[in-house]
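Me: I want to learn how to read charged side chains in a model. Can you take me through one?

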Amino acid sequence: MTLRLGDVAPDFEQQSSIGPIKFHEWAGNSWVVLFSHPADFTPVCTTELGLTAKLKPEFDKRNVKAIALSVDPVESHAAWIKDIEETQKTVVGFPIIADADKKVANLYDMIHPEQSATATVRTLFVIDPNKKIRLSITYPMSTGRNFDEVLRVIDALQLTDGYTVATPGNWKDGDDVIIPLTVQDPEVLKQKYPKGFKAERPYLRVTPQPNK
């Protein structure tokens, strides 16, 4: 199944480290980071889950829930969580889906046969409160993900959802943002950006962060 930006993230029911999960119900009105791993206890995966656990306060500030997935069973996840918490000096405060039958992995196209016919690659989805897919990133098994980038993109998505702006390359929270080329009328510009803006090539820029 091919999932594209703007598609509704498929719902599912599956076992997890905290018991059965109905995905849409569990997500509620939160943003969600859904990310897969090749296997429990692998070193790269362990560091990634440790990083995610440590970022919980940052996710909470952004109304984001994290949920991981691999094709290992619940019993393996329970033992792995203990290992993560011991080695990464953190507490895993999010569920890990036990996708032993690969139902979710196939639903979200997380198994890439040229990488592995049985294990999931490092796929990550950012899903908004309307259950729409807003970002998808796929890393190879040998490369750990950049979770600072995941937070950066969530900041950009939440900002651009709330205001008529776009974000430039390498944008970080607090940086200038861009007025889209679709906004040209001087009266509309004054209404949307009452604090003013800078006329800089190649785009009009707003600083500090705009008002609605």
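Reply: What follows is a walk through domains, salt bridges, a buried acid and an annotated site. Keep in mind that this is a predicted model.

Me: Start with the layout. Into which domains is the protein chain divided?

Reply: The assignment gives domain 1 (7–146) and domain 2 (163–207). Their centres, taken over C-alpha atoms, are separated by 35 Å.

Me: Now the charges. What is the general idea behind a salt bridge?

Reply: Side chains of opposite charge can pair when their charged atoms come close. The cut-off here is 4 Å, from a side-chain nitrogen of Lys or Arg to a carboxyl oxygen of Asp or Glu.

Me: How many salt bridges does this rule give?

Reply: The count comes to 11. One of them joins Glu48 and Arg122, with the closest N and O atoms 2.9 Å apart. This pair links distant parts of the chain: Glu48 sits in helix H2 (residues 43–54), Arg122 in strand E6 (residues 122–127), and their positions lie 74 residues apart in sequence.

Me: Are Glu48 and Arg122 buried or exposed?

Reply: Glu48 counts as buried because its relative accessibility is 1%. Arg122 is buried too, at 2%. The threshold for that label is under 20%.

Me: Which residue pairs with Asp161?

Reply: Arg134 does, at 2.8 Å from N to O. Asp161 belongs to helix H6 (residues 147–162) and Arg134 to strand E7 (residues 133–139), so the salt bridge ties together parts 27 residues apart in sequence. Asp161 is partly exposed, with 44% relative accessibility. Arg134 is also partly exposed, at 22%.

Me: What does a salt bridge within one helix look like here?

Reply: Take Glu187 and Lys190. Their side chains meet at 4.0 Å, N to O. Both residues lie in helix H7 (residues 186–192), three residues apart, which is about one turn of the helix. Glu187 is exposed, at 53% relative accessibility. Lys190 is exposed as well, at 56%.

Me: Which residues are joined into one network by shared partners?

Reply: Glu58, Lys61, Arg62 and Asp155 are, through salt bridges that share partners.

Me: Now a charged residue without a partner. Where is Asp99?

Reply: Asp99 is in the loop between strand E5 (96–98) and helix H5 (103–107). This residue is buried yet has no salt bridge. Lys103 is the nearest side chain of opposite charge, and that is 6.6 Å away. Since the rule asks for a nitrogen within 4 Å of a carboxyl oxygen, a pair must be closer than that to count.

Me: What else surrounds the side chain of Asp99?

Reply: One of its polar atoms lies 3.0 Å from the backbone nitrogen of Val104. Leaving aside neighbours within four places in sequence, the contacts of Asp99 are Gln14, Leu69, Ser70, Val71, Asp72, Val104 and Ala105.

Me: Last feature. Which residue does the "active site" annotation cover?

Reply: Cys45, according to an unreviewed UniProt entry. Treat that as a record, since such annotations may be inferred rather than shown by experiment.

Me: Where does Cys45 sit, and is the residue buried or exposed?

Reply: Cys45 lies in helix H2. Its relative accessible area is 0%, so Cys45 is buried. Not counting residues up to four places away in sequence, Cys45 touches His37, Pro38, Ala39, Trp80 and Arg122. Arg122 is familiar: that residue forms the salt bridge with Glu48.

How values were computed:
Residues numbered from 1 in each chain as written. Predicted model: local features only at pLDDT ≥ 70, side-chain atom pairs only at ≥ 80, totals over all residues. Heavy atoms only, no water. Helix = DSSP H or I, 4+ residues; strand = E, 2+ residues; numbered from the N terminus. Buried < 20%, exposed > 50% of the residue type's maximum accessible area, 1.4 Å probe, protein only. Lys, Arg positive; Asp, Glu negative; His and termini not counted. Polar contact = N/O pair within 3.5 Å; in protein donor to acceptor, adjacent residues only side chain to side chain. Contact = heavy atoms within 4.5 Å. Domains from an automatic or database assignment.
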